[in-house]
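Welcome! Open the viewer, keep the selection box handy, and follow the stops below in order.

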Amino acid sequence: MTSRIFKTIALSAALALGAGAVSASGQGVVLTPETEAKIRANLTEQGYEVAKIKIEDGMYEAYARKDGKKYEVFLNAELDIVKTEMDD
């Protein structure tokens, strides 16, 4: 009986620590084909030509062109643009 209690406590602690690590590092950002398609559609509607999408620092990062200039567009987990930088 005591062994089962310790196993339950250990499992609960491991799950709690694991959940904290996931939310702190990735903030729920996962690049799936569906998410990539949504990002491409959103940016295309805004006039961007999207070349590549990846995850960096817990955000989606899209490499795109608009009006002949290169940009890095950063989006949060809700796919809102939070930062745009010109890419040299």
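In strand 2, which residue is the bridge partner of Val50? Select Val50 and look across to strand 2: the partner is Ala64. Keep in mind as you go that this is a predicted model.

**Stop 1: the whole chain**

Zoom out and colour by secondary structure. You should find two helices and four strands. Following the sequence, they come in the pattern α-α-β-β-β-β. Of the 88 residues in the chain, 24% are buried.

**Stop 2: the sheet**

Now show the strands alone. The four of them make an open sheet, ordered 1-2-3-4, with antiparallel pairing. Select 49–56 for strand 1 and 81–86 for strand 4: each stands at an edge with a single partner strand, so one side of each has no neighbour in the sheet. From one strand to the next, the twist averages 20°.

Next, add residues 59–66, which are strand 2; seven bridges join this strand to strand 1, and the two run antiparallel. At the other end of the order, strand 3 and strand 4 also run antiparallel, joined by five bridges. To see one facing pair, select Tyr71 and find Met86 of strand 4 opposite. The hairpin of strand 3 and strand 4 has five residues between the strands, and Leu79 there takes a positive phi near 70°.

**Stop 3: helix 2**

Select residues 33–45. This is helix 2, which lies across strand 1, strand 2, strand 3 and strand 4 and runs at about 135° to strand 1. Try a distance between its end C-alpha atoms: they are 18 Å apart, which agrees with the 18 Å that 13 residues should span at 1.5 Å a residue.

Which residues of helix 2 are buried? Show Thr35, Ile39 and Leu43 as sticks, for these are buried. The three cover an arc of only 60° around the axis, so they sit on the same side of helix 2. The buried residues of the helix pack against strand 1, strand 2, strand 3 and strand 4. Then turn to the face directed away from that buried side, where the exposed residues Pro33, Glu34, Lys38 and Glu45 are carried.

After helix 2 comes Gly47, with a positive phi near 95°.

**Stop 4: the nonpolar core**

Select Ile39, Leu43, Tyr48, Val50, Tyr60, Ala62 and Val73. The largest nonpolar core has 13 residues, and these are the ones that touch the most other members. Helix 2, strand 1, strand 2 and strand 3 are the elements that give two or more residues to this core.

Centre the view on Tyr48. Beyond its neighbours within four places in sequence, Tyr48 is in contact with Leu43, Ala64, Arg65, Lys66, Tyr71, Val73 and Thr84.

**Stop 5: Glu61**

For the last stop, select Glu61 in strand 2. Is Glu61 buried or exposed? Its relative accessible area is 1%, so Glu61 counts as buried, the cut-off being under 20%.

Show what surrounds Glu61 as well. Setting aside neighbours within four places in sequence, its contacts are Lys52, Ile53, Lys54, Glu56, Glu72, Val73 and Phe74. One of these, Glu72, is eleven residues from Glu61 in sequence, and their C-alpha atoms are 6.5 Å apart in space.

How values were computed
Residues numbered from 1 in each chain as written. Predicted model: local features only at pLDDT ≥ 70, side-chain atom pairs only at ≥ 80, totals over all residues. Heavy atoms only, no water. Pairing = 2+ DSSP bridges. Axes fitted to C-alpha atoms, helices over the stretch in contact; angles between N-to-C directions. Contact = heavy atoms within 4.5 Å. Core = buried A, V, L, I, M, F, W, Y, C linked by side-chain atoms within 4.5 Å. Buried < 20%, exposed > 50% of the residue type's maximum accessible area, 1.4 Å probe, protein only. Expected span 1.5 Å × (residues − 1). Arc of directions from axis to C-beta.
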